[in-house]
Amino acid sequence: MAVPKRRMSRANTRNRRARWKATAPGLVPIVLGGRRHLVPRRLVAAYRRGLLPPPD
C-alpha cells in the first residue's frame with residue numbers, strides 16, 4: 001500500500017476531499033401505464049420490462 005512520504009497540508013487535504021462528491025443520478029422521463037415518471041437512466045429497461053414497480 002502506498003504511504004505518503006510527507007504530511008499533506010490541511011488545505012491540500014480538504015481540496016482533494018472536496019472533489020470526491022457523489023452526483024445525483026440523471027433522471028429521464030418515461031411513460032408507464034399512461035403516467036409520466038422520472039427514473040434513473042440505468043433503470044429504464046427494468047421499469048419497461050416490469051421488473052420494478054412504477055415509482056410514485
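Is Arg48 buried or exposed? Take a look at the views below, all drawn from a predicted model.

**View 1. Arg48, a residue of helix H2.** Here's the reply to the opening puzzle: Arg48 has a relative accessibility of 60%, and since anything over 50% is called exposed, Arg48 counts as exposed. Arg48 still has company, though. Setting aside the residues within four places of Arg48 in sequence, you'll find Arg48 in contact with Ile30 and Leu32. Check Val31 too: 17 residues separate Val31 and Arg48 along the chain, yet their C-alpha atoms are 8.8 Å apart.

**View 2. The whole chain, end to end.** Start at the N terminus and read off the elements: they go α-β-β-α. That gives you two helices and two strands. The chain's radius of gyration is 21 Å, while the globule rule gives 10 Å for 56 residues, so this chain is more spread out than a compact globule. Along the principal axes, the C-alpha trace covers about 60 × 25 × 15 Å. Just 16% of the 56 residues count as buried. Now think about contacts with a separation of 6 or more: residues 24 or more positions apart make up 0% of them. As for the outside, the accessible surface is about 5700 Å², and carbon and sulfur atoms own 53% of that.

**View 3. The hairpin of S1 and S2.** Strand S1 covers residues 27-32, and strand S2 covers residues 35-40. The two pair up in the antiparallel sense, with six bridges between them. Want one pair to pick out? Val28 has Val39 in S2 as its bridge partner. Between the strands sit two residues, and in this hairpin Gly33 adopts a positive phi near 60°.

**View 4. The largest nonpolar core.** Which six residues make up the largest nonpolar core? They are Val28, Ile30, Leu32, Val39, Val44 and Tyr47. S1 gives the largest share, three residues. Both S1 and helix H2 (44-49) supply at least two residues each. This fits a broader habit: in soluble globular proteins, nonpolar side chains tend to be buried together.

**View 5. Val44 and the residues it touches.** Val44 is one of the six core residues. Which residues does Val44 touch, once you ignore those up to four places away in sequence? The list is Val28, Ile30 and Val39. You've met two of these already: Val28 and Val39 are the bridge partners from the hairpin view. Ile30 has turned up before as well, as a contact of Arg48.

Definitions and conventions: Residues numbered from 1 in each chain as written. Predicted model: local features only at pLDDT ≥ 70, side-chain atom pairs only at ≥ 80, totals over all residues. Heavy atoms only, no water. Core = buried A, V, L, I, M, F, W, Y, C linked by side-chain atoms within 4.5 Å. Buried < 20%, exposed > 50% of the residue type's maximum accessible area, 1.4 Å probe, protein only. Helix = DSSP H or I, 4+ residues; strand = E, 2+ residues; numbered from the N terminus. Contact = heavy atoms within 4.5 Å. Rg over C-alpha atoms; globule rule 2.2 N^0.38 Å. Areas by Shrake-Rupley, 256 points an atom, 1.4 Å probe, with all protein chains shown as cover. Pairing = 2+ DSSP bridges.
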